[in-house]
Amino acid sequence: MSTAEFAVTFKEAGRSVIATRRPWREFLDPSALSLPSSLSDATTRISHNLTRFLSNYCLVVLLLIFLGLIYHPFSMIVFLLVFVAWFFLYFSRDDPIRVFGFELDDLVLIIILGLATGLALALTGVFVNVLISLAIGAVVVCLHAALRSTEDLVGDMQDPFGDALLESPRGDYSGI
């Protein structure tokens, strides 16, 4: 994969995350919580729920990072500015950015925003706080995804291969 393809794929993934947020009532439905019957069931639930609620999980992790910075108001402001920069300069724009008559490639913009994010974390001294918040977020996301049953989501999920795997070109397998 070339660097240009990577940048386009990264941007499309970010847009799809933003566009696929599910209702919070569905996400936080207490009647959908149950213990998985096995490790296999838990991993299946995690896979399905991460796919369905990815945007919601991203927002939960961002909220946990924000709460991890609550005792660092300057860092919180810097974090919000970096988040807004990523959103407006990368994920929500369709036209290329021009600086002094030069068009910035998406990969160059990713590098600039990534360096700005790293620099902001390094200069504000909250790298450990953000790392701990990310770890807590990963645990919360995996715990919710494993405990939330997927039975009510079966009708909503679509097979990426369509009906190709459901129908055989030879007909039914009743002759076996």
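## A pair within one helix

Why are Asp41 and Arg45 in helix α3 separated by about one helical turn? In this predicted model, the two residues are four places apart in helix α3, and therefore about one helical turn lies between them. Asp41 forms a salt bridge with Arg45, and the closest N and O atoms of the pair are 3.5 Å apart.

The two partners can also be described by how much of each is accessible. Asp41 counts as partly exposed, because its relative accessibility is 22%, whereas Arg45 has a relative accessible area of 4% and is therefore buried.

## The other salt bridges

The structure holds three salt bridges. In one of them the side chains of Arg52 and Glu26 meet, with 2.6 Å from N to O. This pair links distant parts of the chain, since Arg52 belongs to helix α3 (residues 39-52) and Glu26 to helix α2 (residues 24-27), with their positions 26 residues apart in the count along the sequence. Arg52 is buried, because its relative accessible area is 9% and the cut-off for buried is under 20%.

A further salt bridge is made by the side chains of Glu103 and Arg98, with a distance of 3.4 Å from N to O. Glu103 has a relative accessibility of 49% and so counts as partly exposed, while Arg98, with a relative accessible area of 56%, is exposed.

## The chain as a whole

The chain is built with seven helices and two strands, and a reader who follows the sequence meets them in the pattern α-α-α-α-α-β-β-α-α. The chain has 176 residues, of which 27% count as buried. It exposes about 12100 Å², and carbon and sulfur atoms supply 70% of that area.

Contacts can be sorted by how far apart the partners are in the sequence. Among the contacts in the chain with a separation of 6 or more, 78% are between residues 24 or more positions apart.

## Two nonpolar cores

The largest nonpolar core has 14 residues, and those with the most contacts inside it are Phe27, Tyr57, Ile65, Leu69, Val126 and Val130. Three helices, α4 (54-68), α5 (73-91) and α7 (127-147), each supply at least two residues of this core. The largest share comes from α4, which supplies four residues. Apart from this core lies another one, of 10 residues, which includes Val78, Tyr90, Leu113 and Ala120.

Leu69, named above among the residues with the most contacts inside the largest core, can be followed to its neighbours. If residues up to four places away in sequence are not counted, Leu69 touches Ser75, Met76, Phe79, Val126, Asn129 and Val130.

## Helix α7, inside and outside

Val130 has its place in helix α7, and it counts as buried because its relative accessibility is 9%. Leaving aside residues up to four places away in sequence, Val130 touches Ile65, Leu69 and Leu121. Val130 and Leu67 are 63 residues apart in sequence, yet their C-alpha atoms are 9.7 Å apart in space. Ser133 is also found in helix α7, and with a relative accessible area of 5% this residue is buried. Again without residues up to four places away in sequence, Ser133 touches Leu64, Ile65 and Gly68.

Is Leu131, whose place is in helix α7, buried or partly exposed? Leu131 counts as partly exposed, because its relative accessibility is 48%. Leu131 belongs to a nonpolar patch on the surface, which it forms with Phe127, Val128, Ile132, Leu134, Ile136 and Val140, and these residues together have about 630 Å² of accessible area.

## What the record lists

An unreviewed UniProt entry lists residues 53-70, 76-92, 104-124 and 130-147 under "transmembrane region". In the model, the span 53-70 is 83% helix and 0% strand, and its end C-alpha atoms are 26 Å apart. The span 130-147 is 100% helix and 0% strand, with its end C-alpha atoms 25 Å apart.

Terms used
Residues numbered from 1 in each chain as written. Predicted model: local features only at pLDDT ≥ 70, side-chain atom pairs only at ≥ 80, totals over all residues. Heavy atoms only, no water. Core = buried A, V, L, I, M, F, W, Y, C linked by side-chain atoms within 4.5 Å. Buried < 20%, exposed > 50% of the residue type's maximum accessible area, 1.4 Å probe, protein only. Contact = heavy atoms within 4.5 Å. UniProt positions renumbered as here; feature names shortened; annotations may be inferred. Patch = residues over 30% accessible without salt bridge, like charges linked within 9 Å, V, L, I, M, F, W, Y side chains within 5 Å. Areas by Shrake-Rupley, 256 points an atom, 1.4 Å probe, with all protein chains shown as cover. Salt bridge = Lys/Arg side-chain N within 4 Å of Asp/Glu carboxyl O.
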